[in-house]
Amino acid sequence: MLKFITCPQCGQKLCRAEIGSKVVITCPKCKSTYEGIVDKDGSVHALPLANDQKVG
Ligand SMILES: [Zn+2]
């Protein structure tokens with residue numbers, strides 16, 4: 001079942017993904033990227049990824 005994935009920081013809906021799948025999401029509001037596993041509530045226990053590949 002697809003669940004809406006929300007930003008762990010601000011709650012912005014970002015995408016839909018399968019429960020238990022690994023997702024990488026980027027929030028346009030926070031400008032942050034998170035990586036985590038989708039749980040049954042559609043939330044992601046996410047770790048902010050370091051933006052060390054930022055160019056410029
Ligand atoms: Zn956000």
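This protein has five strands and zero helices, so here the order along the sequence reads simply β-β-β-β-β. Keep in mind that you're looking at a predicted model. Of its 56 residues, 14% are buried. A good way in is through the largest nonpolar core, a set of five residues: Ile 5, Ile 25, Tyr 34, Val 38 and Val 44.

**Ile 5, a core residue in a strand**

- You'll find Ile 5 in strand 1, which covers residues 2–6.
- Ile 5 counts as buried because it has 22 C-beta neighbours inside 10 Å, and the cut-off for buried is 20 or more.
- Among the residues Ile 5 touches, leaving out those up to four places away in sequence, are Leu 14, Cys 15, Arg 16 and Ala 17.
- The same list for Ile 5 also includes Val 23, Ile 25, Val 38, Gly 42 and Val 44.
- Val 38 sits 33 residues from Ile 5 along the chain, yet their C-alpha atoms are separated by 7.6 Å.

**Val 44, a core residue in a loop**

- Val 44 isn't in a strand; look for it in the loop between strand 4 and strand 5 (47–48).
- Val 44 is buried too, because 23 other C-beta atoms lie within 10 Å.
- Setting aside residues up to four places away in sequence, Val 44 touches Ile 5, Pro 8, Val 23 and Ile 25, among others.
- Tyr 34, Gly 36, Ile 37 and Val 38 are also on the list of residues that Val 44 touches.
- Cys 7 and Val 44 are 37 residues apart in sequence, but 7.9 Å apart in space, going from C-alpha to C-alpha.

**Ile 25 and its contacts**

- Ile 25 is another member of the five-residue core.
- Not counting residues up to four places away in sequence, Ile 25 touches Ile 5, Leu 14, Cys 15, Tyr 34 and Val 44.

**The hairpin of strands 3 and 4**

- Strand 3 (residues 22–27) and strand 4 (residues 32–37) run antiparallel, and six bridges join them.
- One pairing to look for is Val 24 with Glu 35, its bridge partner in strand 4.
- Four residues lie between the two strands of this hairpin, where Lys 31 takes a positive phi near 60°.
- As a rule, side chains in a regular strand alternate between the two faces of the sheet.

**Contacts across the chain**

- Taking the contacts with a separation of 6 or more, 14% are between residues 24 or more positions apart.

Technical notes:
Residues are numbered from 1 along each chain as its sequence is written. This is a predicted model: local features need pLDDT of at least 70, side-chain atom pairs count only at pLDDT 80 or more; totals for chains, interfaces and linings use all residues. A residue is buried if 20 or more other C-beta atoms lie within 10 Å of its own, exposed if 12 or fewer, and partly exposed in between; C-beta atoms are placed from the backbone. Two residues are in contact if their C-beta atoms, placed from the backbone, lie within 7 Å. Two strands pair if DSSP finds at least two bridges between them. A nonpolar core is a set of buried Ala, Val, Leu, Ile, Met, Phe, Trp, Tyr and Cys residues joined through C-beta atoms within 7 Å.
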